[in-house]
Amino acid sequence: ARIQASGWIIFLLVMAAVFWLYRLVKVLCNLLSYWEIRSFYTKALNIPSEELCSLSWQEVQARLISLQHQQQMCVHKRELTELDIYHRILRFKNYMVAMVNKSLLPIRFHLPLLGSVVFLTQGLKYNLELLLFWGPGSLFQNKWSLRARCKRAGARQELAQQLARTMVLLGLANLLFCPCVLVWQLLYAFFSYAEGIKREPGSLGTRRWSLYGRHYLRHFNELDHELQARLSRGYKPATQYMNSFTSPLLTVLAKNVGFFAGSILAVLIALTVYDEDVLTVQHILTAITLLGLVGHLLCACRSFIPDEHMVWCPEQLLQRVLAHVHYMPDHWQGNASRSETRAEMAQLFQYKAVFILEELLSPIITPLILIFALPARALDIIDFFRNFTVEVVGVGDICSFAQLDIRNHGNPQWLSAGQTEASVYQQAENGKTELSLMHFAITNPHWHPPPPSELFLSHLKEKVQQDAATVPPTQRILAEGPLATSLLS
């Protein structure tokens with residue numbers, strides 16, 4: 001009767017039922033999609049079912065290229081290249097990576113006490129994709145073609161005003177549905193993390209690569225599984241680097257609160273074992289439950305307690321992180337021990353608790369960004385799509401940065417001096433064009449790059465061979481032995 005009399009509880013139960021039904025429909029749709037993909041692999045690519053889990057992407061890609069010769073799946077081109085396939089798969093993601101690289105998205109805020117803050121959540125990313133790629137009135141008219149008006153310089157002002165107006169309307173729609181979306185986010189967090197937090201309370205104190213970090217650190221033409229493998233290799237050194245910064249005050253508080261809560265809880269449990277009538281004392285069960293919750297929260301606070309065997313070497317740890325993630329701002333060099341560097345690294349490699357909190361606040365903050373902050377970037381976004389979109393036969397419109405063209409988007413500071421004609425506006429930041437080209441060439445060794453890119457890669461190989469030849473013989477011997485990690489770390 002109390003449940004029926006509470007409209008709030010009924011609303012929550014209805015939202016939970018809708019959420020479960022949505023997840024069920026999504027699972028069924030995914031199963032149908034996976035079955036269709038499996039049929040294509042087994043029938044068109046002639047890959048047996050038992051080999052689907054063990055075949056590498058390069059082998060699948062080779063069969064796809066071979067199938068093009070036989071059945072002409074892409075009717076506009078006779079031959080498909082590895083780069084064409086990546087362009088088809090990563091068309092919109094390459095645009096997002098390029099906009100993050102050019103600091104066009106997401107918007108960076110300067111808040112009191114918090115300093116510089118970057119806010120990018122799944123909800124905000126969904127709204128941005130809705131605006132730019134596949135929503136009604138988006139810049140793309142379909143999955144492969146940019147609207148013709150967006151390619152004309154004369155229509156830029158009109159398009160910018162229209163895009164800014166669409167941003168405001170979308171923000172107002174988000175604001176209108178904010179209560180429902182907020183409840184949805186709360187339910188999603190509760191259903192997704194409650195059991196895991198109960199089983200491992202310390203998981204809130206672990207770190208993960210943020211959504212902004214995944215876009216900032218991603219190469220052009222890098223598939224999801226390639227990015228995940230690279231970031232996973234950098235996870236351990238990144239954790240060690242972030243854990244090397246500790247607060248003495250938080251360490252003392254975490255240790256002592258844990259001691260007092262744990263000791264009182266131990267005494268109460270021991271008394272209940274000795275005499276079960278202790279449970280009849282008023283509020284004793286409440287006290288045990290609260291102390292147990294405090295103990296669970298302290299598991300998450302253990303990340304503030306430094307390892308007693310830790311050695312302070314932030315520069316070496318940051319270099320180990322760089323070896324896997326490949327990107328870091330220039331001002332980090334030589335400043336790994338500074339708190340500013342650590343704060344910027346925390347934007348890329350955040351606590352899981354911070355990630356959950358940002359997602360919960362997303363229904364409130366996303367409308368504000370869409371209404372007040374993003375419209376000022378509308379003209380820059382229109383110019384970006386007009387200036388950095390090229391049409392490739394058999395592929396459609398793609399981001400020009402994804403072509404890995406050193407001549408048009410190279411940076412003279414990255415071994416491409418004399419080979420690039422790009423202005424500062426056309427250059428990719430942090431050498432992303434060069435690093436993406438190197439990564440793609442290594443991942444796809446049978447790919448034949450265009451002449452400027454091939455010339456850059458040959459110069460790079462010569463440079464690497466020269467550097468290897470100048471290494472002292474003793475160091476080369478040690479590098480091949482078991483002491484290499486210890487001596488050359």
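The following dialogue examines how descriptive terms are applied to this predicted model.

Student: What conventions apply to the model?

Tutor: The model is predicted, so local features need pLDDT of at least 70, side-chain atom pairs count only at pLDDT 80 or more, and totals for chains, interfaces and linings use all residues. Residues are numbered from 1 along each chain as its sequence is written, and side-chain values use heavy atoms, with hydrogens and water left out.

Student: How many helices and strands does the protein chain have, and what counts as one?

Tutor: The protein chain has 23 helices and 6 strands. Both are DSSP runs numbered from the N terminus: helices are H or I with at least four residues, strands E with at least two.

Student: Why is α7 called roughly antiparallel to α16?

Tutor: Helix α7 (residues 156-176) and helix α16 (residues 352-373) pack at an angle of about 160°, and their axes are 7 Å apart. Axes are lines fitted to C-alpha atoms, for helices over the stretch in contact, and angles run from 0 to 180 degrees between N-to-C directions. Angles under 35 degrees count as roughly parallel, over 145 as roughly antiparallel, 65 to 115 as roughly perpendicular and the rest as oblique. The angle of about 160° therefore makes α7 roughly antiparallel to α16.

Student: Which residues form the contact of α7 with α16, and how do they divide by class?

Tutor: Contact means heavy atoms within 4.5 Å. From α7, the participants include Met167, Val168 and Leu170, while those from α16 include Thr366, Pro367 and Leu370. The contact comprises 8 nonpolar, 3 polar and no charged residues. Here Ala, Val, Leu, Ile, Met, Phe, Trp, Tyr, Cys and Pro count as nonpolar, Asp, Glu, Lys and Arg as charged, and the others, Gly among them, as polar.

Student: What is the handedness of the two crossings that involve α7?

Tutor: The crossing of α7 and α16 is left-handed, and that of α6 and α7 is right-handed. A crossing is left-handed if the near helix is turned anticlockwise from the far one by less than a right angle, and right-handed if clockwise. Helix α6 (residues 122-134) packs with α7 at an angle of about 145°, with axes 11 Å apart. The contact of α6 with α7 has 5 nonpolar, 3 polar and no charged residues.

Student: Why is Ile356 called buried or exposed?

Tutor: Buried means under 20% relative accessible area, exposed over 50%, and partly exposed in between (1.4 Å probe, protein chains only). Ile356 has a relative accessible area of 11%, and is therefore buried. This residue is in helix α16 and touches Ala189, Tyr193 and Leu204, residues up to four places away in sequence not being counted.

Student: How do Asn46 and His326 stand against these cut-offs?

Tutor: Asn46, with a relative accessible area of 54%, is therefore exposed. His326, at 27%, is therefore partly exposed. Asn46 lies in the loop between α2 (7-44) and α3 (57-71), and His326 in the loop between α14 (314-325) and α15 (339-348).

Student: What makes the phi values of Asn46 and His326 notable?

Tutor: Most residues other than glycine have a negative phi. Asn46 has a positive phi of about 55° although it is not a glycine, and phi of His326 is near 75°, also positive.

Student: Which peptide bond is cis?

Tutor: The bond from Leu105 to Pro106 is cis, with omega near -15°. Pro106 lies in the loop between α5 (91-101) and β1 (108-111).
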